[in-house]
Amino acid sequence: MNMLLRNITILALAATPFASGCADDGNEINYNIQTGNTLYLPQNGEEVDLSLGSDVRFEWSPSIAEDNGFVSYELLFDRENGDFSQPLAALTSQLTGSQTYLSVTAKELNTVARAAGLGIMETGNIRWSVRASKGINGSVYTESRLLTVTTMNSMSPLPQSILLKGDATEEPAAGIKMVVSSGIDNEAATEGTFECFTKVKSGADFTVEDDLGRYYALKEDGTVAYSETPVNNRMPAEAIYWIKIDFGVMTWEYNTISKIEYYAASYADNKMSTVNKAMTYVGKGVWELLNYENTISDNSANDSRHRFNATLGDGSKLYLGTRSKLGSDYTTDYLKVNFYTKETIGNVDWDKTYNFLSSDCGRALDCYLYLNGDNPAGTWWHEYKFK
């Protein structure tokens, strides 16, 4: 599984040596930098409890290139006794490396701390400094500082798959498989986050088990506790649930699904038309809309926009749409379903809506929405079956 950390690289090998170069006209390029060498924030030995989830801001003095050219910066992390010859991580500073500061999330720092050898909920030191670069040359600041961190309550290694099993689930014996979270609002989820849409029965229990035979208790305060033996969990009422578990910070959350609708819109002949059709839940994270006439897509403007709208139990909305553009076929990638919490992210009514091929406009269809991994995409997906 890829590490989903913003601009962070965990380095397992020695850093690539910096090379020198010459301009095409034979003149040597000036890569020399006068490094700032002074670190501002955080203070040496400052203590940070990563379980609180707060970002940590790093600041340092600027460096100057001898030719007054552009200087870029990387924030480096190493073990307590490291010298940054093989740093554990390198993060590009703000605004693609141009700024002398960077806010680092608690999850990113937790990953660095774990790479430094700290265990779960353990306190220890990591060392940080800065590398300034001009072209392909770089210099590490002479000053470095220690940051004392207390790591999060995260699992190590992180699970690769999660099953919900028991009488409360739709598949008591085989279990409901959670899907690796793909994120929301065009923001990628962090590694170790799983979610599922499934109906849970009232008055019955279910267990949470990973691929390594570890069990988990979903606690009322939103935290997750590891257990070597099965733990019975119970939801407050019978409903269709959206359950999300983050094993990176050992937290969980849920909401219920009140309804999911197929939404279509078209603007043609100076008139806007819309359709909202309730979809039917048929089990294990699947909704269907059968015998949809699809007449709205048959119009003079060939406007066949459509998406899915979910209303959650707390009254909030999810907009389910695409990131891709329709080509000459309904590709698996195009039919993937992405989650948006606001209509104003991009333009969900245009950019995030699906469209039919011209030859399919006006054709009746059955539509299936898969909010599980049991489909060709292995994640949220939908398909049409034209009549």
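The structure holds 25 aromatic pairs, a pair being two rings of Phe, Tyr or Trp (its six-membered ring) with centres within 6.5 Å; planes under 30 degrees apart count as stacked, over 60 as edge-to-face and the rest as tilted. The model is a predicted one, in which local features need pLDDT of at least 70 and side-chain atom pairs count only at pLDDT 80 or more, while totals for chains, interfaces and linings use all residues. Residues are numbered from 1 along each chain as its sequence is written, and side-chain values use heavy atoms, with hydrogens and water left out.

**First stop: the aromatic cluster**

Select Trp242 and Phe339, which form an edge-to-face pair, 5.7 Å centre to centre with 80° between the planes. This pair links distant parts of the chain: Trp242 lies in strand β20 (residues 239–246) and Phe339 in strand β27 (residues 338–340), 97 residues apart. Helices (H or I, at least four residues) and strands (E, at least two) are DSSP runs, numbered from the N terminus. Trp242 is buried, with a relative accessible area of 11%, and Phe339 is buried at 3%; buried means under 20% relative accessible area, exposed over 50%, and partly exposed in between (1.4 Å probe, protein chains only).

Now extend the selection to Phe197, Tyr281, Trp287 and Trp380, which ring pairs link with Trp242 and Phe339 into a cluster.

**Second stop: Trp380**

Centre the view on Trp380, in the loop between β28 and β29. Is Trp380 buried or exposed? Its relative accessibility is 1%, and therefore it counts as buried. Leaving aside neighbours within four places in sequence, Trp380 is in contact (heavy atoms within 4.5 Å) with residues including Val179, Glu195, Cys196, Phe197, Lys336, Phe339 and Tyr370. Ser182 is also one of the contacts of Trp380; the two residues are 198 residues apart in sequence, yet their C-alpha atoms are 8.8 Å apart in space.

**Third stop: a four-stranded sheet**

Display the strands β23, β24, β28 and β29, which form an open sheet in that order with antiparallel pairing. The edges are β23 (280–283) and β29 (381–386), each of which pairs on one side only. From one strand to the next, the twist averages 25°; axes are lines fitted to C-alpha atoms, for helices over the stretch in contact, and angles run from 0 to 180 degrees between N-to-C directions.

Within this sheet, follow β24 and β28 (residues 365–370), which pair in the antiparallel sense over five bridges; two strands pair if DSSP finds at least two bridges between them. To locate the register, select Val286, whose bridge partner in β28 is Tyr370.

**Fourth stop: Ser304**

Move to the loop between β24 (286–292) and β25 (305–312), where Ser304 is found. Ser304 counts as buried, at 3% relative accessibility. Which side chain does the side chain of Ser304 join in a polar contact? The partner is Asn355, at 3.4 Å; a polar contact is a pair of N or O atoms within 3.5 Å, and within protein one must be able to donate a hydrogen and the other to accept it, with residues adjacent in sequence counting only if both atoms are side-chain atoms. The Ser304 side chain also reaches the backbone nitrogen of Phe356 at 2.9 Å. Not counting residues up to four places away in sequence, Ser304 touches Ala265, Ser297, Tyr354, Asn355, Phe356 and Cys361.

**Fifth stop: strand β5**

Select β5 (residues 56–60) and show its side chains, which alternate along the strand. Val56, Phe58 and Trp60 point to one face and are buried, whereas Arg57 and Glu59 point to the other and are not. Strand β3 (residues 39–41) pairs with β5 in the antiparallel sense over two bridges, and Leu39 has Trp60 as its bridge partner. β5 also pairs with strand β9 (residues 101–104), again antiparallel, over four bridges; here Glu59 is partnered by Tyr101.

**Sixth stop: helix α2**

Select helix α2 (residues 106–115): eight of its ten residues are buried, so the helix is largely enclosed by the rest of the structure. Among the buried residues are Lys107, Glu108, Leu109 and Val112. Following α2 is Gly117, with a positive phi near 105°.

**Last stop: the whole chain**

Zoom out to the full protein chain, which has two helices and 29 strands. Its C-alpha trace spans about 70 × 60 × 30 Å along the principal axes. Buried residues make up 48% of the 387 residues.
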